[in-house]
Amino acid sequence: MKITLILLGVLFAFLVQVTRLQAAPIPSKTETNTIPTYEKKADLIVTDILGLSGIRQIGPFHAGGPIPSNPAFLIETLEGSVLDPERLLVGSASNYGLDLYNRQMRPGAILSLEVNQGRYAVPKNFAATDKKALNGKVMLYSAQSRDYINGYYNSNAITQDLPNISNPTYISINNAFGRPWQASSPFGINGPGLISRHLQNSNILW
C-alpha cells in the first residue's frame with residue numbers, strides 16, 4: 001500500500017511539472033531575436049588596387065620588439081613613413097611597373113597607403129620610376145622584384161633567391177615582438193606557398 005501511494009505521489013508531481021511546462025508562454029520570434037544589429041557605411045578612400053588580397057592597419061610597434069629596438073627600423077615608423085601606424089598595408093596582384101624577378105612566379109606587391117587625406121586612385125605603374133606616388137599617399141613596401149629578394153639582405157641564406165612577395169594572400173603584423181609578415185601563393189592555389197617578413201627578409205617556402 002505504501003509503495004502504491006509513493007508511486008502515485010511521484011506520478012502526480014510529474015504531471016504537475018508537465019502541466020507547468022505546457023502552460024509556460026512560448027516566446028515569439030521577435031522576443032528571441034535579441035541580438036542587436038548595426039549598420040556602418042564604408043567610406044571609399046582608395047581605388048585601382050589590382051587584385052586586392054590582404055589589408056591591415058599598421059598600428060604602433062611596442063617597445064622591446066625588433067623594430068623599436070633598431071634605429072634603422074624605428075625611423076620607418078615615424079609619421080609619413082612607410083610604417084606610420086596610421087597607414088594601411090594592402091596586398092595587390094600587380095608589380096606596379098617593376099620588372100619581375102622570377103618570371104615563373106606571379107607578380108605582386110604590398111602597398112603602404114595614407115587613408116586620412118581624401119579619396120584617390122593608385123597610379124598603375126608608379127613604381128617603375130619611384131617607390132612613392134601622389135606626394136607619399138602611396139608607398140611601395142615590397143614587390144616581386146630584384147630589390148626585394150631575400151639575398152638582398154641575407155646573401156648566404158638558403159632562400160636567398162626567393163622574392164619577399166608574389167601574389168600575396170594575407171598580411172599579419174605582430175606589433176608586440178615582431179614585424180609584418182606576408183603570405184603568398186606564387187604558383188597559384190595548387191602550388192607551394194610562401195611566408196615572408198620584410199625588413200631584413202627571411203622567407204619560408206612550403
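The exercises below, each with a worked solution, deal with a predicted model of a protein chain.

**Exercise 1. Describe the make-up of the chain: how many helices and strands does it have, and in what pattern do they follow one another along the sequence?**

Solution.
Step 1. Count the elements: there are 3 helices and 11 strands.
Step 2. Read them along the sequence. The pattern is α-α-β-β-α-β-β-β-β-β-β-β-β-β.
Step 3. Add the surface. Of the 206 residues in the chain, 39% are buried. The exposed area of the chain is about 13000 Å², and carbon and sulfur atoms supply 58% of it.
Step 4. Look at the contacts between residues at least 6 apart in sequence: 59% of them join residues at least 24 apart.

**Exercise 2. Work out the order of the strands in the open sheet of 5 strands, and state which strands stand at its edges.**

Solution.
Step 1. Start with β2 and β3, which pair in the antiparallel sense over 3 bridges. Within this pairing, Arg 56 stands opposite Leu 89 in β3.
Step 2. Go on to strand β4 (residues 109-113), which is joined to β7 by 5 bridges, again antiparallel. Here Ile 110 has Ser 142 in β7 as its bridge partner.
Step 3. Turn to strand β6 (residues 132-133). It runs antiparallel to β7, with 2 bridges between them, and Ala 133 stands opposite Val 138 in β7.
Step 4. Write down the full order, which is β2-β3-β4-β7-β6, with antiparallel pairing.
Step 5. Find the edges. β2 (55-57) and β6 each have a single partner strand, so one side of each is left without a neighbour in the sheet.

**Exercise 3. Examine strand β7: how many of its residues are buried, and how many residues lie between β6 and β7 in their hairpin?**

Solution.
Step 1. Take the strand itself, residues 138-143. It is mostly covered, with 6 of its 6 residues buried.
Step 2. Look at the hairpin formed by β6 and β7, where 4 residues lie between the two strands.
Step 3. Check the turn for its backbone angles: Leu 134 has a positive phi of about 55°.

**Exercise 4. Find the aromatic pair and explain why it counts as tilted.**

Solution.
Step 1. Search the whole structure; the result is 1 aromatic pair.
Step 2. Identify the rings and their geometry. The centres of the Tyr 96 and Phe 126 rings are 5.5 Å apart and the planes are at 45°, so the pair is tilted.
Step 3. Place the residues in the chain. Tyr 96 is in the loop between β3 (88-92) and β4, while Phe 126 is in the loop between β5 (120-121) and β6, so the pair ties together parts that are 30 residues apart in sequence.
Step 4. Ask about burial: Tyr 96 and Phe 126 are both buried.
Step 5. Place them in the largest nonpolar core, which has 18 residues. Those with the most contacts inside it are Tyr 96, Leu 113, Val 122, Phe 126 and Leu 140. Two or more residues of this core come from each of β3, β4 and β7.
Step 6. Note a second, separate core of 13 residues, including Ile 67, Leu 83, Tyr 141 and Ile 173.

**Exercise 5. Decide whether Thr 47 is buried or exposed, and list its contacts beyond four places in sequence.**

Solution.
Step 1. Locate the residue: Thr 47 is part of strand β1 (residues 46-47).
Step 2. Apply the cut-off, under 20% relative accessible area for buried. Thr 47 has 18% relative accessibility, so Thr 47 counts as buried.
Step 3. Leave aside neighbours within four places in sequence. Thr 47 is then in contact with Arg 119, Tyr 120, Ala 121 and Val 122.

Key:
Residues numbered from 1 in each chain as written. Predicted model: local features only at pLDDT ≥ 70, side-chain atom pairs only at ≥ 80, totals over all residues. Heavy atoms only, no water. Buried < 20%, exposed > 50% of the residue type's maximum accessible area, 1.4 Å probe, protein only. Pairing = 2+ DSSP bridges. Phe/Tyr/Trp six-rings, centres within 6.5 Å; stacked < 30°, edge-to-face > 60°. Core = buried A, V, L, I, M, F, W, Y, C linked by side-chain atoms within 4.5 Å. Contact = heavy atoms within 4.5 Å. Areas by Shrake-Rupley, 256 points an atom, 1.4 Å probe, with all protein chains shown as cover.
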